[in-house]
Amino acid sequence: MTVAVEPARVFGSGIRRREDPRLLTGTARYTDDIVLPGLAHAAILRSPHAHALIMRIDTSRARTAPGVLGVFTAADTDGILTPIPCCWLLPGSKLKTTPYHPLAKDAVQYVGDPVAVVVAESPYQAQDALELIDVEYEPLPAVVDPQKAAQQGAPALHAEAPDNVAFHWTVTGGDVDAAFKCADVIVRERIVQQRLIPNAMETRGAVAQFVPATGELTLWNTTQNPHIVRFVMSLVTGIPEDRLRVIAPEVGGGFGSKIAQIPGDFITVFCSMKLGRPVKWTETRTENYQSTTHGRDHVQEVELAATRDGRVTGLRCTVWAGMGGYLSTAAPGIPTILHGLMLSGPYTIPAVKEDVYGVYTNTTPVEAYRGAGRPEATFMLERMMDRLADEIGLDPVDVRRRNIIPPFQNGHDVITGLKYDSGNYEGALAKVLEHVSYDALRAEQKAARDKGRYIGIGVSLYVEICGLGPSQVAGAVGFQGGLWESAIVRFHPSGKVNVFIGASPHGQGEETTFAQIVADELGVAVTDVKVVHGDTDATPMGWGTYGSRTTAVGGAALAIATRKIKDKAKLLASHLLEAAVEDIDYSSGRFFVRGVPDRHKTIQDIALMANVAWNMPEGMEAGLEATSFYDPPNFTYPFGAHVAVVEVDPETGHVTLKRYVAVDDCGPQINPVIVEGQVHGGVVQGIGQALWEEAVYDDTGQLLTGSLADYAIPRADMLPDIEVLSTVTPSPHHPLGVKGIGEAGTIASTCTVYNAVIDALEPFKVQSVRMPLTPERVWRAIREGAERGAGAPPLDTLGAP
Amino acid sequence: MKLPVTITINGRAYQREIEPRLLLVHFLRDMAGLTGTKIGCDTSQCGACTVLLDGVAMKSCTCLAAQADGASITTIEGLSADGQLAPIQEAFWAKHGLQCGFCTPGMVLATRALLETTPQPTPEQIRHALEGNMCRCTGYQNIVRSVQHAANMMGGRP
């Protein structure tokens, strides 16, 4: 007897990445690796003050320094560059934009605000000449905390927004005031989502080549969205889009920090326009910390109303979201649309209300950072769930189960107006609890406490909104663009395939996963598919790689394009095989006459015949190529449940992360190895926020964490292995059922680790510690708890302070 | 003032006149045209510029090119021969030890130095040895797996 073996399906297989050989051999070319004949080098002079008037700039000494080709200030850009536009104009929020000049005009609004630029023959000469520019400033009082900046009497940044409030946005659902009036229990917390620096390992930079004779610009740019760069660059410089080519070469990570166009990009282009030579600008890391966008920076005041038996009846909060000195490209949408609409998470909450104040502060502009709004929403909710559990004496898992949305396959209406696509939150929760043997873990925790060891367990659920998104919704919420994606699939005569996509992956591996989609749909080898991206002259328009949308939206465009190819190929096969199209079957790259498998044409045969076009059916065009523009009917909503186990040393306040388990559901996985890698990286970034990372400004607006020596990103020896599991709940509206995985880990892990640490500190009655949970902060919280008494272990058992 | 130096990179001697302040990493990238070595910071934290100097892993942003006069440097470009990946590169590929790839050249060379001295490292030894090389994409877990896999492929031989 023989056993039929299913041929291994390439969709779902953890094959090695196609992009890796060039990355592993040093032959990949990132922006700073681009060299052109006659290349000049730009260096930018940045404000040392957080808030000041520019009284005078003297560039005369710099102009005559060795190798200097030009020195420019805002006065030189007049009439050439317009201000940088904000592209997310929230309706109904009294949004107040202000002129955001690439080079500061009359005032500077943050440390790092560009003031002048030097272009020289070498980068060293440009850097030297910066020191010869004299700027006279009149310093003004600065404000860095978003809540303080919104208070009366705070220093005002912009005349357009004298109260520093850039917008006030609200979301409501149900009767939240009634919920609080009738509540058995109300818990409250003030949460600071500290400001973070994204730290893509490649800093930002650009190489601009403007050719005066033709008026054409080629721009190599470290970006997540070259087509948006072309659009915005054209608006600001006046160079028509048809003469403007943007290339995102190899891009060394983004995490949201390469979405916005920052002043340096425009300044580099301007220099090339002025000098008629190619110009390169590459941030130093310190410059990156000042000039590339930051993330988070919320002050949140949250209250949750519930019944005594743990049913949540209302959630009410006010958020002050720091925007920095100017509104960055997509900034207003992040603490609002991507945050406030996700308030109720995976739970049924009958009434919610949130007020969000976007506030100008004398800091680097804030933008998307991995998760972008959703980690901040998940944190609020999951923190309050633990507070409620503590208040009514229930296990945190039981409180969550009392409020969890039951499984659904095809749509669930949410109180904020969204419609989740599919979800099985209980399934993910059950899986993670079973994996960690939750009850046994609680018993171990108790036994350890009896021995004076402080183990903490954190459990969090999350659901996120991604796959952005229907363009109609984008327009309705003020996003100044569409959010569809595109793909072209092109068969060459030899049967090899090029795929051209509008999205722009930069480490996520879509050159591999997209080849897997094509291979699976059309029966070609993965190695016969090359995915082309990141060049606006080569690829169709697309809105970019962020918000876990490349596969969720671009992958759908690709799947549809391959199906168009299949439809055409079938018609051609029917013609060539002289059989009615209804009698043609398809299987694994072959078209054959039903019941006569020997009478067949492979997809490669068809590609050849379509390209030579010797024998086409009447009316059929030559070639085998299809284009698809896919605008999703809804967002996708990945979800999951995570557990963290920590141990806190009460003598030092040091937190050891002992175990981290993630169960994520992103729908069917095209490449589970890549999915796992995304979860690892995402989880670790979220852990970084909980335990180590913070952009610290002093009260005068100086960035104290101004280099990698001061800002603590996770290192290899600070982490345990992450245990990664999954469940699979397909999206009902996506052609492949997939949802997106890029941000999931970060969205869940910050609150999971935080809750675990607070759980470990339960004997000390600690309810909140400001993030990051550094040893000093934890140590102080333990001592304050012990001093309050309340049954905490006496101080003298904890070691001397 | 210009200084004449001769630095051997991946077996080939590069004779150049340099500014005394020129960093070794800039010599590699700008004067020898070997851009595989990356620059990720300005404080010698990130390790993206890690190369081997006379067989020892070092951050090439911490060293003046003048100090490397007469030395022998191995960069990422010198690891594979005839289009064949070296075992460490194969291992990073097999275990998904990279995402955006920017830290990878430094990571691979730091691994090479580790396996020279510790041919069969434990996960803890790997994490400790690579704590000076930052990666923002992988969370390090698959890098640890890659190094273990490389050690196994190399059969404990440096």
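This report describes the internal cavities and the salt bridges of a predicted model.

**Cavities**

When the whole structure is searched, seven cavities of 30 Å³ or more are found. The largest cavity holds about 110 Å³ of space, and 17 residues line this cavity, those closest to its centre being A:E250, A:P505, A:H506, A:G507 and A:E511. Two elements of chain A, namely α1 (20–24) and α15 (510–522), are the ones that give two or more residues to this lining. In terms of residue class, the lining of the largest cavity is made up of five nonpolar, six polar and six charged residues.

**Salt bridges**

Side chains of opposite charge can pair when their charged atoms come close. Over all chains, the structure holds 59 salt bridges, and three pairs within chain A are set out below with their N to O distances.

| Pair | N to O distance |
|---|---|
| A:R316 and A:D177 | 3.0 Å |
| A:D309 and A:R311 | 3.7 Å |
| A:R777 and A:E694 | 3.4 Å |

The salt bridge between A:R316 and A:D177 links distant parts of the chain, with A:R316 in strand β14 (residues 312–324) and A:D177 in helix α6 (residues 176–181) of chain A, 139 residues apart. A:R316 has a relative accessibility of 22% and therefore counts as partly exposed, and A:D177, at 44% relative accessibility, also counts as partly exposed.

In the salt bridge that joins the side chains of A:D309 and A:R311, A:D309 is partly exposed with a relative accessible area of 37%, while A:R311 is likewise counted as partly exposed, at 42% relative accessibility.

The third pair in the table brings together the side chains of A:R777 and A:E694. Because A:R777 lies in helix α20 (residues 775–788) of chain A and A:E694 lies in the loop between α18 (672–691) and β28 (722–726) of chain A, this pair ties together parts that are 83 residues apart in sequence. Is each partner of this pair buried or partly exposed? A:R777 is partly exposed, with a relative accessible area of 27%, whereas A:E694 has a relative accessibility of 12% and so counts as buried, the cut-off for buried being under 20%.

Beyond these pairs, salt bridges that share partners join residues of chains A and B into one network, which consists of A:D32, A:D33, A:K280, B:R29 and B:K38.

Key. Residues numbered from 1 in each chain as written. Chains lettered and ligands numbered in written order. Predicted model: local features only at pLDDT ≥ 70, side-chain atom pairs only at ≥ 80, totals over all residues. Heavy atoms only, no water. 1 Å grid on protein atoms, 1.4 Å probe; cavity = no way out; pocket = protein on both sides within 12 Å on 5 of 7 lines; lining within 4 Å. Points joined across faces, edges and corners; volume = space filled by probe spheres on them. Helix = DSSP H or I, 4+ residues; strand = E, 2+ residues; numbered from the N terminus. Nonpolar A, V, L, I, M, F, W, Y, C, P; charged D, E, K, R; others polar. Salt bridge = Lys/Arg side-chain N within 4 Å of Asp/Glu carboxyl O. Buried < 20%, exposed > 50% of the residue type's maximum accessible area, 1.4 Å probe, protein only.
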